[in-house]
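I opened a new page for this chain and wrote down what I wanted to look up. The entries are in the order in which I worked.

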Amino acid sequence: MKEIITKRLILRSFLMSNLDDAHAYASDPEVTKYTLFGPNTIDETKTFMESVILYEEEVPQTHFEYAIVYDSHVIGAELQRDTPLGDS
């Protein structure tokens, strides 16, 4: 698992055990007000989690979706891509 550790946050790979934390922010209308997703159903959040976990199996890996962890809870996600949005 890849990790970036700072004084306040950890950026790391998602785990399916993060589903409840991820759904807490992804289903919140206030959090998703200005995002391209949400508010999510639990099935939408689960599908998201499954897809970002599969990104790590890409060769070469072109999508890097990191869980943002604060105080042992996933509070958001951060995406890095090696290709522009819209490209495969």
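What follows covers the sheet, the spaces in the fold and two loop residues.

**Entry 1: the model.** I noted before anything else that this is a predicted model. I numbered residues from 1 along the chain, as the sequence is written.

**Entry 2: the sheet.** I began with the strands. I found four of them in an open sheet, in the order E1-E2-E3-E4, with antiparallel pairing. Which are the edge strands? They are E1, residues 3-5, and E4, residues 73-81, and each of these pairs on one side only. From one strand to the next I have an average twist of 25 degrees.

**Entry 3: E1 with E2.** I then went through the sheet by pairs. E2 spans residues 10-13 and is joined to E1 by three bridges, in the antiparallel sense. For Glu-3 I looked up the bridge partner in E2 and wrote down Arg-12.

**Entry 4: E3 with E4.** How many bridges join E3 to E4? I have eight, and the two strands run antiparallel. Phe-64 has its bridge partner in E4, namely Gln-80. I also checked the turn of this hairpin, where two residues lie between the strands. Asp-71 in this hairpin takes a positive phi, near 55 degrees.

**Entry 5: the largest pocket.** I turned from the sheet to the open spaces. The largest pocket has a volume of about 350 Å³. I recorded 14 lining residues for this pocket. Which of them lie nearest its centre? Leu-36, Phe-37, Phe-48, Glu-65 and Leu-79 do. I also asked which elements give two or more residues to this lining. They are H1 (19-26), H2 (42-55) and E4. By class I split the pocket lining into nine nonpolar, three polar and two charged residues.

**Entry 6: the largest cavity.** I looked next for enclosed space. With a lower limit of 30 Å³, the count comes to one cavity. The largest cavity holds about 50 Å³ of space. I listed its lining as Lys-2, Ser-13, Val-52, Tyr-55, Glu-56, Gln-61, His-63, Phe-64, Glu-65 and Tyr-66. H2 and E3 (63-70) each supply at least two residues of that lining. Which element gives the most? E3 does, with four residues. By class I have four nonpolar, three polar and three charged residues in the cavity lining.

I noted two recurrences while reading back. Glu-65 is among the residues nearest the pocket centre, and Glu-65 is also in the cavity lining. Phe-64, which I had paired with Gln-80, is in the cavity lining as well.

**Entry 7: Asn-40.** I picked two residues from the loop between H1 and H2, starting with Asn-40. Is Asn-40 buried or exposed? I count Asn-40 as buried, because its relative accessibility is 14% and the cut-off for buried is under 20%. Its side chain makes a polar contact with the side chain of Thr-45, at 3.4 Å.

**Entry 8: Tyr-34.** Tyr-34 is also placed in the loop between H1 and H2. I have its relative accessibility as 74%, so Tyr-34 counts as exposed, the cut-off being over 50%. I took one distance from this residue, to Ile-10, which is 24 residues apart from Tyr-34 along the chain. Their C-alpha atoms are separated by 23 Å.

Methods
Predicted model: local features only at pLDDT ≥ 70, side-chain atom pairs only at ≥ 80, totals over all residues. Heavy atoms only, no water. Pairing = 2+ DSSP bridges. Axes fitted to C-alpha atoms, helices over the stretch in contact; angles between N-to-C directions. 1 Å grid on protein atoms, 1.4 Å probe; cavity = no way out; pocket = protein on both sides within 12 Å on 5 of 7 lines; lining within 4 Å. Points joined across faces, edges and corners; volume = space filled by probe spheres on them. Nonpolar A, V, L, I, M, F, W, Y, C, P; charged D, E, K, R; others polar. Buried < 20%, exposed > 50% of the residue type's maximum accessible area, 1.4 Å probe, protein only. Polar contact = N/O pair within 3.5 Å; in protein donor to acceptor, adjacent residues only side chain to side chain.
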